[in-house]
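Below is a short exchange on how some labels attached to a model follow from its computed values.

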Amino acid sequence: MTASRPPLKSLDDALVELLGFAAVLQGVESVSTFEADGRVLAQDIVSALHVPPQDNSSMDGYAVRCADVLQAQGVVQVTQRIAAGASGAPLAPLSAARIFTGAPIPPGADAVVMQEDCEVLEGGAVRIKAVPVPGQWIRRAGEDVTLGSIVLSKGERLTPASLGLVASIGLNLLPVVRRPRVALFSTGDELVMPGDVAPAQMKPGTIYNSNRFFLRALLVRLGCDVTDLGIVPDRLEATVQALQQAAQQHDLILTSGGVSVGEEDHIKPAVQSLGSLDLWQIAIKPGKPFAYGQVQDTHFIGLPGNPVSSFITFLLLVRPFLLQLQGVTQVAPKSIAVPAHFTWARADKRREFLRVQRNAAGGLDLFANQSSGVLTSAVWGDGVVDNPPGQTIAQGDVVRFIPFTELLG
Ligand code: AMP
Ligand code: MG
């Protein structure tokens, strides 16, 4: 009689446990705003001025006082010219200021009339052909950002738009959490590096190391400094040695392969011999053989060897872990409800992440081969369907879709 195995941990439970280990890295750096895309703020950013700093015109035209225009029956003298970058004098009674987009509204003016609604007359006067309404075409001081307000909060990840915003309040340097230092290695005696052996010369049983390439790229996108330790042979001593080396001066050791239960899988015993293995195997497909542990106070994450499993577990587990290390508070990807334009008849006991593509009709198409070794599915797909355990999908069923745009940055 075989002993019944305990149920695998759910993804949600595993994530809670995993994130419980991800204490924010100590260490704040001041980086140029130019270089800060993707970094995470270590402090709230407070504005020392209004944006825009003064009321200004949103049109090329004439700044007027509405009551004066009415009194003068639409014809007023143009007494000054205010271009962007200049500043005007107080508006004289019954007059208008020629004004351009972005130029400050002169004191006393309460509206801008766009030039299309004006007729230039002889002798420096202008006829206002449309009755102006107070406030029209004026961008108010502080309508974007008010002095003293928090523009961005600690724990927010900077985007190109937020770099523009902090620049608009005058910041050329930003306080960000330091980059995580990640040691990466692949396990597998079958692995060969592209470039080392030409396709025609590949020995039977060997394959190219593909995981190393996407894992490294994903780590870099998440702001990590990566030490690439290459390929480690499928031997316990070599694995122990590689882990020991990787534990030096890194925050995280990330490996792929060798974390299942086969005789050639040495990751688990190696981690256990050097530290602790706190999490192992998760009820998801692809990606069951996922492991978290610690090696000499360094985080350890072991990803499955199958490329799609490795890719998906990175996105679902390693990404939030690395973001939280950097202080990000919102690490869960957003999913959206989209109709399936396919059927999925084989319900699985595990929660599945199916590679799909959005179509022009607003639905989702399924990649035909969902095998965990078929990396083409992840290239063709623009996201995954998050399918609950035991769930079949019929044409038109509304499913939860997580776009890769939520997961890859
Ligand atoms: P493992 O998790 O080591 O049992 O590997 C599972 C499958 O993934 C095997 O077919 C391996 O050959 C393959 N695999 C492991 N590591 C890699 C890698 N770095 N690149 C491509 N395939 C890999
Ligand atoms: Mg292996």
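Q: Which residues are closest to ligand 1 in this predicted model?
A: Glu190, Asn209, Ser210, Gly258 and Gly305 are the closest, out of 15 residues that surround ligand 1.

Q: What makes glutamate 190 a polar contact of ligand 1?
A: A polar contact requires a pair of N or O atoms within 3.5 Å. An N or O atom in the side chain of glutamate 190 is 2.5 Å from an oxygen atom of ligand 1, so this pair qualifies.

Q: Which atoms link asparagine 209 and ligand 1?
A: An N or O atom in the asparagine 209 side chain is 2.7 Å from a nitrogen atom of ligand 1. The cut-off is 3.5 Å, so this pair is a polar contact too.

Q: How much of ligand 1 does the protein bury?
A: The protein buries 77% of the 490 Å² that ligand 1 exposes when taken alone.

Q: Where does ligand 1 sit, and which classes make up its shell?
A: Ligand 1 sits in the largest pocket. The shell has nine polar, four nonpolar and two charged residues.

Q: Why is cysteine 66 not counted in a disulfide?
A: A disulfide needs two cysteine sulfur atoms within 2.5 Å. The closest cysteine sulfur to that of cysteine 66 belongs to cysteine 118 and is 12 Å away, so the distance is too far for a bond. The count of disulfides is zero.

Q: Why are cysteine 66 and cysteine 224 called buried?
A: Buried means under 20% relative accessible area. Cysteine 66 has 8% relative accessibility and cysteine 224 has 5%, so both count as buried.

Note on methods
Residues numbered from 1 in each chain as written. Chains lettered and ligands numbered in written order. Predicted model: local features only at pLDDT ≥ 70, side-chain atom pairs only at ≥ 80, totals over all residues. Heavy atoms only, no water. Buried < 20%, exposed > 50% of the residue type's maximum accessible area, 1.4 Å probe, protein only. Near = heavy atom within 4 Å. Polar contact = N/O pair within 3.5 Å; in protein donor to acceptor, adjacent residues only side chain to side chain. Areas by Shrake-Rupley, 256 points an atom, 1.4 Å probe, with all protein chains shown as cover. 1 Å grid on protein atoms, 1.4 Å probe; cavity = no way out; pocket = protein on both sides within 12 Å on 5 of 7 lines; lining within 4 Å. Sits in = over half its atoms within 2 Å of the grid points. Nonpolar A, V, L, I, M, F, W, Y, C, P; charged D, E, K, R; others polar.
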